[in-house]
Amino acid sequence: MDSMLCSICKCEYDQSIKVPRVLTNCGHTYCQMCILKLLNNNTENSENKLVCPEDNILYTDITSNEVFPINLKIINMLNEKTNRNNSIDL
Ligand SMILES: [Zn+2]
Ligand SMILES: [Zn+2]
């Protein structure tokens with residue numbers, strides 16, 4: 001199930017720095033910041049590797065977090081939430 005919270009940092013996704021991105025092979029979604037951190041854990045290796053913390057699926061040759069597509073379902077949920085909040089508060 002898609003959640004509005006990143007399961008690594010427990011922060012809510014947003015559309016600037018904590019963009020929700022999908023790990024394409026296993027389908028897990030994490031925020032961009034955590035994906036970058038996972039990538040930076042492997043700086044000793046010349047290859048850019050990332051291991052999904054939930055199922056240990058290995059991704060290789062990751063040049064940037066941009067290779068993982070944005071989870072548009074979560075972006076839509078964020079937009080709906082923002083619209084709702086605006087109509088109540090403003
Ligand atoms: Zn995160
Ligand atoms: Zn996974």
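**Close-up views of a predicted model**

**View 1. Surroundings of Leu-5 in the predicted model.** Apart from residues within four places of it in sequence, Leu-5 makes contacts with Lys-10, Cys-11 and Glu-12. Leu-5 belongs to the segment that comes before strand E1, and it counts as partly exposed because its C-beta atom has 14 C-beta neighbours inside 10 Å. Although Leu-5 and Pro-20 are 15 residues apart along the chain, their C-alpha atoms are separated by 9.1 Å.

**View 2. Thr-29 in strand E2.** Thr-29 is buried, since 20 other C-beta atoms lie within 10 Å, and the cut-off for a buried residue is 20 or more. Ile-8 is 21 residues away from Thr-29 in sequence, while in space the two residues are 9.8 Å apart, taken from C-alpha to C-alpha.

**View 3. The buried side of helix H1.** Which residues of H1 are buried? They are Gln-32, Ile-35 and Leu-38, and they lie on the same side of H1 because they cover an arc of only 120° around the axis. As a general point, an α-helix has 3.6 residues a turn, so residues three or four places apart point the same way. The buried residues of H1 pack against three strands, namely E1 (20–22), E2 and E3 (50–51).

**View 4. The largest nonpolar core.** Ten residues make up this core, and they are Cys-6, Tyr-13, Leu-23, Tyr-30, Cys-31, Ile-35, Leu-38, Leu-50, Phe-68 and Ile-74. Two elements, strand E2 (29–31) and helix H1 (32–40), each give two or more residues to the core. Ile-35 and Leu-38, which are among the core residues, are also among the buried residues of H1 shown in the preceding view. In soluble globular proteins, nonpolar side chains tend to be buried together.

**View 5. The elements that frame the close-ups.** The protein has two helices and four strands, and from the N terminus on these elements follow the order β-β-α-β-β-α. Of the 90 residues in the protein, 17% are buried. When contacts are counted between residues at least 6 apart in sequence, 53% of them join residues that are at least 24 apart.

How values were computed
Residues are numbered from 1 along each chain as its sequence is written. Chains are lettered from A and ligands numbered from 1 in the order in which they are written. This is a predicted model: local features need pLDDT of at least 70, side-chain atom pairs count only at pLDDT 80 or more; totals for chains, interfaces and linings use all residues. A nonpolar core is a set of buried Ala, Val, Leu, Ile, Met, Phe, Trp, Tyr and Cys residues joined through C-beta atoms within 7 Å. A residue is buried if 20 or more other C-beta atoms lie within 10 Å of its own, exposed if 12 or fewer, and partly exposed in between; C-beta atoms are placed from the backbone. The arc is that of the directions from the helix axis to the C-beta atoms. Two residues are in contact if their C-beta atoms, placed from the backbone, lie within 7 Å.
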